Amino acid sequence: MLDVAHILGPKGPLAKALSDFEFRKMQIEMAQEVEASLEAGKHLLVEAGTGVGKSFAYLIPAIAYALRTHRRVVISTYTISLQEQLVDKDIPFLKTVLPVPFEAVLVKGRGNYLSLRRLQRAVEHSLDLFEKDVAIEELGRILQWSRLTREGSLQDLHENVHDEVWDKVVSDTDNCLGKKCPPTDNASFFLAGGKWRRRTF
């Protein structure tokens with residue numbers, strides 16, 4: 001399995017892959033504390049300054065723990081910029097240098113995901129729901145996109161839609177049937193990281 005101290009050490013895979021690698025003792029100490037807290041199932045609060053390498057210090061032990069225990073680890077970020085750094089830069093880099101493969105999936109807030117069941121209802125009642133033709137046209141584009149999208153999230157739509165339209169098709173708590181929802185209609189919110197099941201209607 002992954003040796004956190006070795007990976008972050010002066011002769012580890014990160015040092016070999018990064019021309020500007022700088023060994024940081026505090027980074028290894030933080031990573032070991034994260035590793036110990038995961039193993040013990042306890043909370044850990046860490047304060048570390050800029051330049052310590054906090055992202056790798058929690059990502060690597062989290063990956064090691066997930067691989068060893070076959071359990072999922074959730075990393076929640078406070079800002080979108082940090083989320084983008086992890087998803088677009090740090091995690092892809094670790095996938096190229098760590099000696100074992102791992103999977104990572106971005107899961108966004110529920111309001112970002114399409115509900116196929118609600119989309120079907122909106123299409124069936126579009127003339128009653130929307131007064132403007134532009135809204136009905138947007139709904140049609142969402143319908144076409146729903147047959148192609150891999151994840152069913154608003155960011156995957158790549159075009160602007162009015163809030164009044166998205167509000168009618170979004171997966172939300174108040175309108176979710178949960179386990180009562182037919183398998184082909186499951187909201188993509190619950191399928192994030194899994195197979196997006198398409199339905200034609």
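Are Trp145 and Trp166 buried or exposed? I began with this question, keeping in mind that I am working on a predicted model, and I noted that both Trp145 and Trp166 are buried.

**Entry on the aromatic rings**

I looked up the aromatic pairs next, and I found that the structure holds 2 of them. Trp145 and Trp166 form one such pair, with 6.4 Å from centre to centre and 55° between the planes. I wrote this pair down as tilted, because planes count as stacked under 30 degrees and as edge-to-face over 60. I then checked where the two rings sit along the chain: Trp145 belongs to helix 8 (residues 133–146) and Trp166 to helix 9 (residues 163–169), so that the pair, 21 residues apart, links distant parts of the chain.

**Entry on a charge and a ring**

I also looked at Phe102, and I saw that Lys95 lies over the face of this ring, at 5.9 Å from the ring centre.

**Entry on the second largest pocket**

I turned to the second largest pocket, for which I noted a volume of about 470 Å³. This pocket is lined by 18 residues, and those closest to its centre are Leu18, Arg24, Gln27, Gly53 and Phe56. When I asked which elements give two or more residues to the lining, I found helix 4 (54–69) and helix 5 (80–97). Helix 5 supplies the largest share of the lining, with 4 residues. Sorting the lining by class, I recorded 6 nonpolar, 6 polar and 6 charged residues.

Note on methods
Residues are numbered from 1 along each chain as its sequence is written. This is a predicted model: local features need pLDDT of at least 70, side-chain atom pairs count only at pLDDT 80 or more; totals for chains, interfaces and linings use all residues. Side-chain values use heavy atoms; hydrogens and water are left out. On a 1 Å grid over the protein atoms alone, a cavity is a set of points where a 1.4 Å probe fits but cannot get out, and a pocket is an open set with protein on both sides within 12 Å along at least five of seven lines; lining residues have an atom within 4 Å of a point. Grid points are joined across faces, edges and corners, and a volume is the space filled by probe spheres set on the points. Ala, Val, Leu, Ile, Met, Phe, Trp, Tyr, Cys and Pro count as nonpolar, Asp, Glu, Lys and Arg as charged, and the others, Gly among them, as polar. Rings of Phe, Tyr and Trp (its six-membered ring) pair if their centres lie within 6.5 Å; planes under 30 degrees apart count as stacked, over 60 as edge-to-face and the rest as tilted. Buried means under 20% relative accessible area, exposed over 50%, partly exposed in between (1.4 Å probe, protein chains only). A charge sits over a ring if NZ of Lys or CZ of Arg is within 6 Å of the ring centre and within 35 degrees of the ring normal.
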